[in-house]
Amino acid sequence: MTTLSAQPRFLRSITLDRANKFVSTDFYNDINLYSKLYSKRSSEAVELSVYSVPDLKRIPFEKATKQSFHPTSTGTSYGPSWSTHWFKLNITVPKDWAGEHVELIWDSSSEAMIWSTDGIPRQGLTGDNGNDRRVEYTLLKKAKGGEVIDLWVEMACNGMFGAGKNGLINPPEDNRTFYLSQVELAVPNHAAWTLFYDMQVITGMANELPNETARGQEALYALNQVIDNYDRDDLDASLKKCLQISHEFLSKKAAPNAHHVTAVGNWPYAETRRKTARSWSTQLRLMEDYPEYVFVCSQAQQLEWLAHDYPKLFQEIKEASKKGRFNVIGSTWVEMDCNLPSGEALCRQFLYGQRYYEKNFGARCKIFWLPDTFGYSAQLPQIVKQAGAQYFFTQKLSWNNINKFPNTTFTWVGLDGTKILTHMAPCETYTAQADVGDMVRSIRNNRDLAFSNQSLLPYGNGDGGGGPQRGMLERLRRMKDIDGLPRCDMGSAEAFFESVEEKAKGLQEWKGELYFELHRGTYTSQAATKRYNRKLEFMLRDVEIATTLCMSLARDYAYPKADLDLLWKDLLLNQFHDVLPGSAIELANIDARAIYKNIETKAKRILEESLRHLYQSKSSGDGSGDSFVAFNSLGWDRSEIIEIPAQTGDNLQQYSAGKNTGYVRVDNGAFEYRDIADSKSETGRVHATSQGHELILDNDFIIAKFNQQGHLISLYDKHETRELIPKGQAGNQLKLYEDVPLYWEAWDVEMYHLNTGKPAGTGKARIGEVGPLRATIIVEHRLTDHSTASQTIVLTAATPRLEFHMEADWHENRKLLKVEFTWDIISDFATYDSQFGVIQRPTTYNTSQDYAKFEVCGHKFADLSEHGYGVALLNDCKFGYSCHGNVMRLSLLRSPKAPDLNCDMGHHEFAFAVLPHKGTFHESNVVRQSYQFNVPMIIHSIAKNSLKGHKPVSYFEIEGAKNVVLDTIKRAEDSDHVIIRLHEAFGGRAQFKLKCSLNVQSVVRCNILEDDGEPVEFVKSERASGWIVLHAFEILTLKLKVKPSDDWIFL
């Protein structure tokens, strides 16, 4: 008689649930496979003592180990947040563990680091039960039994993402404690661990592969078979049988032409220097057990910190780098934000990064590696190529919340037409867990399989999480060549790009910026940080110009290169992609502001010293002198009304209300300085008057009318006889918006905020100064019950630029303050200042790509122009613009509550301006005016007659092309040559001559790294180059050999 099978048909959902609980840490964890991962345990083998460091200090190993320690045990909590506790471990390996692999298990519910007795970081640890959990440290691979071992553990009272309360981005909880739950020795059951990793891969395949495929069904069958044959009462024999089943499934190879994935270990920059040592020491330990494993590090700043703080560990890393195991990558100083830094700052990121890699690791990086930042400037392809790199890797645009970016492997074309091979990881994360889901997504999300059958998988716990883990490497070994998944190799990113370059065909091109459709709030959050950054970028520019001139004029002056390098590195550090964008925790923002203050103090001192040398004056420059010099650090002639201290008998044309300062008009040539006493007094005039309920500012160029609330109700161009404000509309309207994003508070503003705008309280306007050089209207605003603001609206006699200087005391909860202007102009696009060029973006909401750009980044201006006329909205430290139709908005202040609970609370100073102009943007002087608004003339007090006999002279001039901007003048990195950097600013061809009053011997083209290129003709007798051609948005760096000579220039 035939009997029926006793085995029922398996069901997918039930099988997957059964498999997950078989390895679960939460369900049946006393009898399942997870419970059998260790065959022996001993907490008695470890004797603990502790020293708690006071005052949240972080002390070095040498100091910590000399302190007084007292006994402690597991079950103790430590805190508060950000405190450090050092533990001494006296370990005695049980004698009956001879021949065993012995591990130390440490779980303090926090981050920690193991140190050897000779002061070398050995491995990082992360407690609790998240994906970043790493609590085991290999003590002995084969114990003799009875060994006595001493170790040190540095416990940091923070988790992977700091000390946030109940979540990833919440503000830190100051008094949080961390529980020392587990300290013991353990012997791993290698058979159980092997099956554990096998089950992860098979379960992943059963879950990710379609149920109707044969391979998906085979995975489900294998899972049931393994669990059916598992016998906890006969563990060793059953594990052997289970492994036979799992290995049979995993041994089936992939198809010959399967998609190929290169897995690269990755850990982005984190907030503390200690995280670097914890993460990288851990990776060195993994390399000892996995010879195929290659790790990448992408920031030179981390390596410099490591060399300073952990020199022995740094030497280990250099040795691993020589063997090709630890790959330095990225090309830049830090993984910076790419929206907010200036063009020159982006160049310096590459300059300092590449030089560091070349000096310490023997080669420059070929890859610009930036997986996690919030958009990518359209000038990056040109900058990357000029900095010696060839490839670009990211993935962040996969986070877009409106449109999916259409490419994976493609050619990115920059503003000037420079092309760079680019890959965006189709796994759509920079912290892949190296599981089956990541592998499947690497095919499923790849939008360019027709052109390239390869992709990159950046895996590891990022954002401070310690990097790749043992389990990830075990899974990758199993997924290397298995039927149902793409082939996978652990390898280098450089080899991946070289293979793509060789094998890919017909790659698509993407022209222009890589706009990120998320995290638009980062253009505005942390206003003080952004203001410091803008001001200090220009201050360092001024310092370099002054110091370079001193060096080149044969004066007794030592160029302060070491000091300037430190200042630049600190500025670049703060341009990291969570600091400058404003998405860091409060402690990090406090640190950043302290760094900025230090830069400001030291840069001012260097500038003061260099100007004294330049002017040959012994004056302190503090206003005690009886004459003043104005230095124009821009590359064109300019005329400005400037404010100087009033002195007895100076007979100024206009004094301030308090009579302690006054105003003069100064006309200065390009890169020229002159005694203010030599300035011409003849000038047009400006007036402030009232007419009924209107307050009026009037000069030779415009008439601006304001109502009693300070709204701009009329702006009339006298020369063009044109009114700019539509009837019934207004400008300078302060509006408040509800600012409640979906999740990422400091990072995001969402489209729906634009539906909630309402007037920001009431304003009361009055006339301040009445002219004749400077006229003002003062507006006092009561924004809300909690916040106030004041505006000084300024019109001078020298320009049609209408300025709004603003102070605010801001104490809001998830509100966004904008200023709004409505213009009588029709244009389907606006033009925004960007790094070394401009970007045009739509003012319409016709398509999803259009309305995704409801908030965009602009640097010094946004311009709205139609045929024959336009108007620009300038700013001195803001970046968030929203231009729709004929309405221009500038975001001023936000008030998110996470991760910094006090973001932007307090006092703020900033300015914006309106500049009407004849012609379109390309025919205007907007670029120059935006520089002038951000770069005032440098006023310096000197002893009277210090400049007697000095004939003002322009040290550098651009002849023949108003669309060329000479942005940078600095000393060369490796010589006393002079480096100048120029760019074409409007998007057209330029032909110009460089005129220079220094004793120039020769000129060569060079790249950003200052490698010599082709010579440039320079006619000494004419003090000018031959004709130089620049193409649209081209960046040009020149290296000038200058022979110092006091006789060369008449001073």
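A residue is called buried here when its relative accessible area is under 20%. With that in mind, and remembering that this is a predicted model, begin the tour at a strand.

Select residues 861-866, which make up strand β43. This strand is mostly covered, with five of its six residues buried. Now add residues 829-834, strand β40, which pairs with β43 in the antiparallel sense over two bridges; if you display T831, its bridge partner in β43 is D863.

Next, extend the selection to residues 869-875, strand β44, where β43 finds another antiparallel pairing, in this case over six bridges. To follow one of these connections, pick F861 and look across to its bridge partner in β44, L874. The two strands β43 and β44 form a hairpin with two residues between them, and in the turn you will find G868, whose phi is positive at about 90°.

Then move to the helices, selecting residues 190-208 for α3 and residues 235-250 for α5. Their axes come within 10 Å and cross at roughly 40°; because angles of 65 to 115 degrees count as roughly perpendicular and those under 35 degrees as roughly parallel, α3 and α5 are therefore oblique to each other. The crossing of these two helices, α3 and α5, is left-handed.

Finally, show side chains where the helices meet: from α3, the residues include A191, L195, D198, V201 and M205, and from α5 they include L239, C242, H247 and F249. Taken together, the residues of the contact between α3 and α5 divide into eleven nonpolar, three polar and one charged.

Terms used: Residues are numbered from 1 along each chain as its sequence is written. This is a predicted model: local features need pLDDT of at least 70, side-chain atom pairs count only at pLDDT 80 or more; totals for chains, interfaces and linings use all residues. Side-chain values use heavy atoms; hydrogens and water are left out. Buried means under 20% relative accessible area, exposed over 50%, partly exposed in between (1.4 Å probe, protein chains only). Helices (H or I, at least four residues) and strands (E, at least two) are DSSP runs, numbered from the N terminus. Two strands pair if DSSP finds at least two bridges between them. Axes are lines fitted to C-alpha atoms, for helices over the stretch in contact, and angles run from 0 to 180 degrees between N-to-C directions. Angles under 35 degrees count as roughly parallel, over 145 as roughly antiparallel, 65 to 115 as roughly perpendicular and the rest as oblique. A crossing is left-handed if the near helix is turned anticlockwise from the far one by less than a right angle, and right-handed if clockwise. Contact means heavy atoms within 4.5 Å. Ala, Val, Leu, Ile, Met, Phe, Trp, Tyr, Cys and Pro count as nonpolar, Asp, Glu, Lys and Arg as charged, and the others, Gly among them, as polar.
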